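Me: Could you take a close look at one part of this structure for me, and then walk me outward from there in one connected answer? I would like to follow the strands and what they lead to.

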Amino acid sequence: MGSGRVLNYLLKVRSEEGVVHLTLIDPDPLNQPPEVAGQMAKYVCDAGTDAIMVGGSTAFGILDETIKKIKEATNLPVILFPGNVSGISKLADAIFFMSVLNSRNPYFITKAQALGSFAVKLYGLEPIGMAYLVVEPGGTVGYMSEANLLPRSKPQIAAAYALAAQYMGFKLVYLEAGSGASSHVPNEMISMVSKTIDIPLIVGGGIRTEDDAVDVVEAGADMIVQGTMIEETALKDKGESLRKVINAAKKAGAKRVR
Ligand code: 1GP
């Protein structure tokens, strides 16, 4: 895909369907070898997801093979979701070029980005500038990125970071509770952030059920990300549980489409 195509596609789905559903596949040599990722990609595509993110805090070694298998299984856009410079692959269509704005360590705010920028250019990846804000409990990414976790009870802090992100020129803001979080980002926080900013808001971490998805969409998320629930169910039920969650999210999203 050429310049801007993946972001434009995401924005088009948002405007036509009210919400975008993103599947996160974590290339994990132990639990999710490339063949399994390819099989999952087929099921999530059939279930109606809009794009596939590939990456994670501890995704090492099998990134290219994983993307190859995903590409064999589906034509959906593949967007890198790197936890570090090791998360860049020339086989993807785009990269969430992200900065952990609430990290205590400048490496995760600007230095990894500087180290990776030329690879993105040489590989012809579409960079999509994204401000990444890690909310309590934060999980593995909170630890790995040395985040000063945003308190769940202080939505105004998240809103201030998100507005700063918009003013700094980021295309998207991602509120992340951490993969496998026991509960997703609080509705009140999603709502305050979405009312504060004009750029699209992505929400992920701990979204498992239809009710979770509807809550998050009704609170104001423009895009929702699911990883753990898909890992736990997609192979067993061929994406059936996911289909229900996506249908519920899209139904909630349709209410805000004119
Ligand atoms: C993690 O937000 C994503 O970066 C997805 O979280 O695994 O909890 O769905 P889950």
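**Strand β1 and its surroundings**

Reply: Happy to start with strand β1, residues 20–25, which is mostly covered: six of its six residues are buried. Please keep in mind that this is a predicted model. The side chains of β1 go two ways: Val-20, Leu-22 and Leu-24 point to one side, His-21, Thr-23 and Ile-25 point to the other, and all of them are buried.

Now for the neighbours of β1. Strand β2, residues 51–56, runs parallel to β1 and is joined to it by four bridges. Within that pairing, Ile-25 has Val-54 of β2 as its bridge partner. To get from β1 to β2, the chain passes through helix α2, residues 34–47, in a right-handed β-α-β crossover. Strand β8 is also paired with β1, again in the parallel sense and over four bridges. Here Thr-23 of β1 stands opposite Gln-226 in β8.

That brings us to the ligand, which has 13 residues around it; Glu-176, Ser-179, Gly-180, Gly-206 and Thr-228 are the closest. By type, this shell holds four nonpolar residues, eight polar ones and one charged one. Three polar contacts are worth inspecting on your screen. An oxygen atom of the ligand sits 2.5 Å from an N or O atom in the side chain of Thr-228. For Gly-180, a polar backbone atom is 2.7 Å from an oxygen atom of the ligand. Gly-206 likewise offers a polar backbone atom, at 2.8 Å from an oxygen atom of the ligand. On its own the ligand has 300 Å² of accessible area, and the protein covers 97% of this. The elements giving two or more residues to the shell are β6 (172–176) and β8 (223–226). So β8, paired with β1, is also one of the elements that supply the shell around the ligand, by the DSSP runs used to name the strands.

If you move on to strand β4, residues 94–100, you will find another mostly covered strand, with six of its seven residues buried. Strand β3, residues 78–82, runs parallel to β4, and two bridges join them. One partnership there links Ile-79 to Ala-94 of β4. β4 also pairs in the parallel sense with strand β5, residues 126–134, this time over seven bridges. Pro-127 in β5 is the bridge partner of Ile-95. Together with helix α4, residues 111–123, β4 and β5 make a right-handed β-α-β unit.

Finally, some backbone details in the loops. In the loop between β5 and α5 (139–144) you will find Pro-137, and the peptide bond leading to Pro-137 from Glu-136 is cis, with omega near 5°. Further along, Glu-146 lies in the loop between α5 and α6 (155–167). Its phi is near 50°, a positive value in a residue other than glycine. Glu-146 counts as partly exposed because its relative accessibility is 33%. Lys-238, in the loop between α9 (228–237) and α10 (240–254), also has a positive phi, of about 55°, although it is not a glycine. With a relative accessible area of 55%, Lys-238 is exposed, since the cut-off for that label is over 50%.

Note on methods
Residues numbered from 1 in each chain as written. Predicted model: local features only at pLDDT ≥ 70, side-chain atom pairs only at ≥ 80, totals over all residues. Heavy atoms only, no water. Near = heavy atom within 4 Å. Polar contact = N/O pair within 3.5 Å; in protein donor to acceptor, adjacent residues only side chain to side chain. Areas by Shrake-Rupley, 256 points an atom, 1.4 Å probe, with all protein chains shown as cover. Nonpolar A, V, L, I, M, F, W, Y, C, P; charged D, E, K, R; others polar. Buried < 20%, exposed > 50% of the residue type's maximum accessible area, 1.4 Å probe, protein only. Pairing = 2+ DSSP bridges. Right-handed = clockwise from strand over helix to strand, strands pointing away.
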